[in-house]
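Biologist: I'd like a close look at a single part of this one, with the rest of the fold brought in where it helps. Could you walk me through it?

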Amino acid sequence: MSRSGGVVITSSGDMKPKGLIDAISEIEQFYTTEQSGSEIPERFFTTKNRIEFFEVGFKGAFISGLITALLLPWAIGVFEKKVPVFGVVGGSFFDQIFALLLAFSFTIGYAVFIASVGRYYEGPFTKSMVRCLLSGVVIGALFKMVIAFLFFHFLYFVILTEERLSTALLHLKDRVAFETLDQIYRWTLGFKPVFLTSAWLVVLTTLIFIAIPMITVGLKSIHSRNRGGF
């Protein structure tokens, strides 16, 4: 450990955040230390620490994005009255909005939570922590976006073609009534365009997800420069 300005600074080598809350807590602690007048050299944030913070941001953004991507086609299906909600196909306008909010709320809430680190974007050491965490968030979100975008297009153009769908359903003709198979076939073809809509909405939501914390950090940086901060 080292001592600066009367404040004891514990070695950053012990930092290993297990999740986003741990990472933000570490940022809060070092932000408080720097705000008290202690100067912490930026290189004190080691390569190991940078990788760990990047990893936390990457995993959080990637997993939360996958949750939204999986919910999105069903939410759009409800909105377009192709999927039942609360047991009814083509429910009320409130039901449709509720389905969309269910799909988007997790990602938006997660983005707002991550954006809370923007208030700590002061001091060279704390800035390094925030940048590493957010860089992981951005890369994880973009990686999720590419995977979901390609996957939805793969479903639309390769898996759910009329020929493949017919072949798959024919294997069930001895166990399932023809009328049921025909209903499945027609419903699937009618639902299929939802995947293209979902692919582009994933792109939109990802950009919004990235923009929220980045704007917060940018505004904090401008505010700090205007008042002569770090």
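In which helix is the place of Thr205? Start there and work outwards, please.

Modeller: Happy to, and bear in mind that this is a predicted model. Thr205 has its place in helix H7. With a relative accessibility of 12%, Thr205 counts as buried, because the cut-off for that is under 20%. Its side chain has a polar atom that lies 3.0 Å from the backbone oxygen of Val202.

Now stay on H7, which spans 193–226, and move on to Phe209. Leaving out residues up to four places away in sequence, Phe209 touches Ala61, Ser64, Thr107, Tyr110, Ala111, Ile114, Val137 and Ala141. Phe209 also belongs to the largest nonpolar core, a set of 29 residues, and is listed with Ile27, Phe53 and Leu133 as having the most contacts inside that core. Two or more residues of the core come from each of H1 (20–35), H2 (47–79), H3 (93–115), H4 (124–159) and H7. The top contributor is H4, which supplies nine residues. Apart from this core there is another one, made of 21 residues, including Ala99, Phe104, Ala148 and Phe191.

Further along H7 you come to Met214. This residue is partly exposed, because its relative accessibility of 42% falls between the 20% and 50% cut-offs. Once neighbours within four places in sequence are set aside, Met214 is in contact with Leu134 and Val138. Take the Leu134 pairing: 80 residues separate it from Met214 along the chain, yet their C-alpha atoms are 8.0 Å apart.

Go back to Pro193, which is also found in H7. Pro193 has a relative accessible area of 37%, so it is classed as partly exposed, the range between 20% and 50%. Here, too, a residue distant in sequence comes into the picture: Tyr156 is 37 residues away along the chain, while the two C-alpha atoms are separated by 7.2 Å.

For the outside of the model, look at H2 and H3. Each of these helices gives two or more residues to a nonpolar surface patch. The patch covers about 660 Å², and its members are Ile63, Ile67, Leu71, Phe94, Phe98, Leu102 and Phe106. H3 gives the most, with four residues. Phe98, for one, is found in H3. Its relative accessible area is 37%, so Phe98 counts as partly exposed, lying between the cut-offs of 20% and 50%.

Finally, zoom out to the whole chain. You'll find seven helices and four strands, and along the sequence they run β-β-α-α-β-β-α-α-α-α-α. Of the 230 residues, 43% are buried. If you take contacts between residues at least 6 apart in sequence, 80% of them join residues at least 24 apart. The chain exposes about 12800 Å², with 67% of that supplied by carbon and sulfur atoms.

Notes:
Residues numbered from 1 in each chain as written. Predicted model: local features only at pLDDT ≥ 70, side-chain atom pairs only at ≥ 80, totals over all residues. Heavy atoms only, no water. Core = buried A, V, L, I, M, F, W, Y, C linked by side-chain atoms within 4.5 Å. Buried < 20%, exposed > 50% of the residue type's maximum accessible area, 1.4 Å probe, protein only. Contact = heavy atoms within 4.5 Å. Patch = residues over 30% accessible without salt bridge, like charges linked within 9 Å, V, L, I, M, F, W, Y side chains within 5 Å. Areas by Shrake-Rupley, 256 points an atom, 1.4 Å probe, with all protein chains shown as cover. Salt bridge = Lys/Arg side-chain N within 4 Å of Asp/Glu carboxyl O. Polar contact = N/O pair within 3.5 Å; in protein donor to acceptor, adjacent residues only side chain to side chain.
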